[in-house]
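Thanks, everyone, for making the time this morning. I would like to walk through one structure with you, so let me put the sequence and the model on the screen before I say anything about them.

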2 protein chains.
Amino acid sequence: MTDKAQTAIQPTRAEDYPEWYQQVIKASVLAERSPVRGCMVIRPWGYALWENIVRVLDDMFKATGVKNAYFPVFIPLSFLEKEAAHVEGFAKECAVVTHHRLEKNDAGALVPAGPLTEPLVVRPTSETIIGDSFSKWVSSYRDLPVLINQWANVVRWEMRTRLFLRTSEFLWQEGHTAHATAEEALERTRMMLDVYARMSEEYLAMPVVKGAKTEAERFPGAVETLCIEAMMQDRKALQAGTSHFLGQNFARASEIKFQTADEVEDYVWTTSWGASTRLIGGLIMIHGDDDGILLPPRIASAHVVLLPIVRKDADRQRVMEYTESLAAELREKFYHHRRLVVEIDSRDIGGARGWEWIKKGIPLRVEIGPRDIAQNSVYVGRRDRAHRDKFSIPKDQFVAQVMDILDEIQQTLFARALAFRKENTVTIEDNAAFYDFFTPQNQQKPEIHGGFAVCSWCGQSACEQKIKEDLAVTIRCIPFEQDRDPGTCVGCGKPGTQRVIFAKAY
Amino acid sequence: MTDKAQTAIQPTRAEDYPEWYQQVIKASVLAERSPVRGCMVIRPWGYALWENIVRVLDDMFKATGVKNAYFPVFIPLSFLEKEAAHVEGFAKECAVVTHHRLEKNDAGALVPAGPLTEPLVVRPTSETIIGDSFSKWVSSYRDLPVLINQWANVVRWEMRTRLFLRTSEFLWQEGHTAHATAEEALERTRMMLDVYARMSEEYLAMPVVKGAKTEAERFPGAVETLCIEAMMQDRKALQAGTSHFLGQNFARASEIKFQTADEVEDYVWTTSWGASTRLIGGLIMIHGDDDGILLPPRIASAHVVLLPIVRKDADRQRVMEYTESLAAELREKFYHHRRLVVEIDSRDIGGARGWEWIKKGIPLRVEIGPRDIAQNSVYVGRRDRAHRDKFSIPKDQFVAQVMDILDEIQQTLFARALAFRKENTVTIEDNAAFYDFFTPQNQQKPEIHGGFAVCSWCGQSACEQKIKEDLAVTIRCIPFEQDRDPGTCVGCGKPGTQRVIFAKAY
């Protein structure tokens, strides 16, 4: 593939976006399907991304006073049932534990034994089990706020799964807080949404729209769900993080009461907020190109790969020593609070080597051959530029400028994604134009959808529901930043109450 | 409790060691029982300990070339069955998922629905599911070694549980590696045991004996199990980490084959190694005293608590400003690769405040009142000394010496634990003396056991089994460091083949 006429990923995004997504993940060895229905194996290159996301979010959470804790993976059925809307929302996708051992039956086959008196559900989310702890921890306003986060695996049994985007098991964090007043809980709900937005934009280079969900799209049991929405390259929306104001619903369900400063008994006000390995799916879809993924440097599994070029055995020692010493120099440097991660790939596999790293999305590839060493220079390829567009640079200059180059790549990725979203965001005031825009037959390419349509909406669920049934398009959010006063509803023509963003969604 | 005649924890260790353990955990708010059978809630003060253990181990693993990944929480029954000894070892304690949704029955009750065609077991350990991935990743000697670690929750259904020591769900890491030769796999098995030993001794201040398990005590399916064993204050042994050489057993079970450099097809050689939240149970039992837990500074949830003393409102602002500024100064410092964690506790609850922190085991308590400020000094209590034994020290000197003081505490804890182990380790060559030593009626205190008995052993499982049945005492390990040539077996009197350590165990 050294002299390569076609793209590294087949099919291309334009040819078949969903299949491109699968092939990109395969080529980058981020993850793979497992033999367990709907569950994935996150391979080291993908898990390192997750570790970086965890570290950044965890630091941000802690800076707001949140502490980590851990709660049981199992939720008794009776707990899940405590909040009616909640159990309704999750009952259809629960992994249920019914037995606690295995036994040989008469035919010699191993079968479940030791039935449980009460079935346990593998947590799809932990409001009810954490609520139970809160009810024991809180008795006075002096115990508030409680600010807890949990890093955990959760299970939601999905019938149609896609790596990272929708898997039966996924990794996430779930924050849970309890407050003395509704105002304080609402402030926390917004604060955590801001954390997610900052994470997405500053680290994942993923521009997001912040807003509120409509009633139909809210978390089961929430009074208000805030979200960040990003546009993927097929112009669909990806919900990249949600923050819920739960009012006193879960406090009532779990009996989380406290004595106020005025010595009155009241229920606490709670919030919950989560982000998951789905973010990695977003990363792939927002930055990937027809040669593979592109990792934003601030979150990349590794920053630089050094590719020593040895054509004669006589050169080997010199080239390897030069490479090792450059790696050592680079690893001394800190980029956004972590050391530069530098890989050395000295495999003798020809041009396939460079292509592997392109497909894996590493920000910088550095070739080092005898001629480069003679000039004390290196030959650099940037993942945000065409693969042939490499340049020679004095080694010391490269070492001095590597952080600037990485930041340039980071900014390029963000700017591209933002420009793409702008290009594909339209304002539509008229019902016919709206249906036209979202009718699949009117799209140029299969599975590539219209984009974000900013419209006025009447605020009625029935109207939203009709559009969903007709076009499989939903209101992604009511953006905090309203671009203008609402006109007439794009669905029913009645007076609009707010401006909303319609889109197809993951 | 300011003027306190009795200990902070009731009962004391001498009075009732198991109950002391429960009370110490309660008083320190490390963790609590959950409403889910056998599962615990790890509270923030306990989880911070775990986070520190994770960080230290993770860095050590990565320094040896290991990378993190993530595998499904569910294991198909057919996978577990692939290795006979393995399934035998875990069948009795498995949480089994049999359904994938919940449905209302005719009576309106929510019941499991959607039966699975094959039951799934919540992972008790992941050899078989990870082996399946390895079989796809490895085809040539060039793909080896594979060095993977996973941080995860695991479930082993326990009938009798104790917080941290034995819970149905616990957090752990499990390392899994595959190699081209037995020698290399054995070297890895020993290398990871050394990592655990270093973690235990240098960070947890927990002296350990390194050795090999006898056949009866091996991991189900392992060829060799290496372990580290520590002595708790009731003189029982705690296994603090294990590293298994699995030979080709799991490679055969999962069909992990490779082409050798000589172009012959062979099975790989695998290892696995794990350490868990059990380490926290060990920490509590090895360092705790009758006033609560003592956290070794290198792993402590926090290092210093500042306790501003405000007796008059007029003093408040001055005292708080001084406290905040001291906290800021201390937080600039790094202690063993992380910033000093400094808490400020300004609650006005009298002497109970200091006692709470003693029970929580924070290494240093610093009182700051108007008189201290006038002298520009602070009043310091060290957790490794009696609670009254506090000293005044110029503030700047405290700031300059705080790391030395912390290291002194760290060393004191280790030295105490080592001295305790030496005092309670005996050499026994004679069967009668051995039975005498381990007969409960001969102990001075209930639940306090003899200690470690170093003895010669014939190497026969039957002999080991008889002792276990008679005395509930087992061979904890065959220490790598053999103190002398074996004499006659302490059990049967036949010629010994090795020196071993007998003890009661957790």
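In chain B, strand 11 (residues 237-245) and strand 14 (residues 269-276) pair in the antiparallel sense over four bridges, where strands are DSSP runs of E of at least two residues and helices are runs of H or I of at least four, all numbered from the N terminus, and where two strands count as paired if DSSP finds at least two bridges between them. Within that pairing, Ser243(B) has Trp273(B) of strand 14 of chain B as its bridge partner. Before I go on, please keep in mind that this is a predicted model, in which local features need pLDDT of at least 70 and side-chain atom pairs count only at pLDDT 80 or more, while totals for chains, interfaces and linings use all residues. Residues are numbered from 1 along each chain as its sequence is written, and chains are lettered from A and ligands numbered from 1 in the order in which they are written.

The two strands I began with belong to an open sheet of 11 strands in chain B, with mixed pairing and the order 3-7-8-14-11-10-9-24-25-23-22. Strand 3 (67-68) and strand 22 (425-427) of chain B stand at its edges with a single partner strand each, so one side of each is left without a neighbour in the sheet. Helix 2 (residues 44-63) of chain B packs on this sheet, where it touches strand 7 (146-155), strand 8 (169-179) and strand 14 of chain B, and its direction makes about 5 degrees with that of strand 8 of chain B. Here contact means that the C-beta atoms of two residues, placed from the backbone, lie within 7 Å, and the angles run from 0 to 180 degrees between N-to-C directions, with axes being lines fitted to C-alpha atoms, for helices over the stretch in contact. Helix 6 (residues 182-203) of chain B lies across strands 8, 9 (209-212), 10 (224-231), 11 and 14 of chain B, and runs at about 155 degrees to strand 11 of chain B.

Strand 9 of chain B deserves a moment. On which sides is strand 9 of chain B covered? Both faces are covered, with Val209(B) and Gly211(B) on one side and Lys210(B) and Ala212(B) on the other, all of them buried, a residue being buried if 20 or more other C-beta atoms lie within 10 Å of its own, exposed if 12 or fewer, and partly exposed in between, again with C-beta atoms placed from the backbone. Strand 9 of chain B is joined to strand 10 of chain B, antiparallel, by four bridges, and there Gly211(B) stands opposite Cys227(B). It also pairs with strand 24 (residues 474-479) of chain B in the antiparallel sense over two bridges, with Ala212(B) opposite Ile478(B).

Turning to how the chains meet, the contact takes 44 residues from chain A and 44 residues from chain B. The largest share of the side of chain A that touches chain B, seven residues, comes from strand 5 of chain A. By class, that side of chain A has 28 nonpolar, seven polar and nine charged residues, with Ala, Val, Leu, Ile, Met, Phe, Trp, Tyr, Cys and Pro counted as nonpolar, Asp, Glu, Lys and Arg as charged, and the others, Gly among them, as polar. Strand 5 of chain A is joined to strand 5 (residues 96-104) of chain B by three bridges, and the two run antiparallel, with Val96(A) standing opposite His99(B).

A rotation of 180 degrees, with 0.0 Å of shift along its axis, superposes chain A on chain B with an RMSD of 0.0 Å, the fit being by least squares on the C-alpha atoms of residues with pLDDT of at least 70 in both copies. The two copies are therefore related as by a two-fold rotation axis. In chain A, the C-alpha nearest that axis belongs to Val97(A), 2.1 Å from it.

Finally, some backbone details. Most residues other than glycine have a negative phi, and most peptide bonds are trans. The bond from Leu144(B) to Pro145(B) is cis, with omega near -5 degrees, and Pro145(B) sits in the loop between helix 5 (127-137) and strand 7 of chain B. Asn376(B), although not a glycine, has a positive phi of about 55 degrees, and with 11 C-beta neighbours inside 10 Å it counts as exposed.
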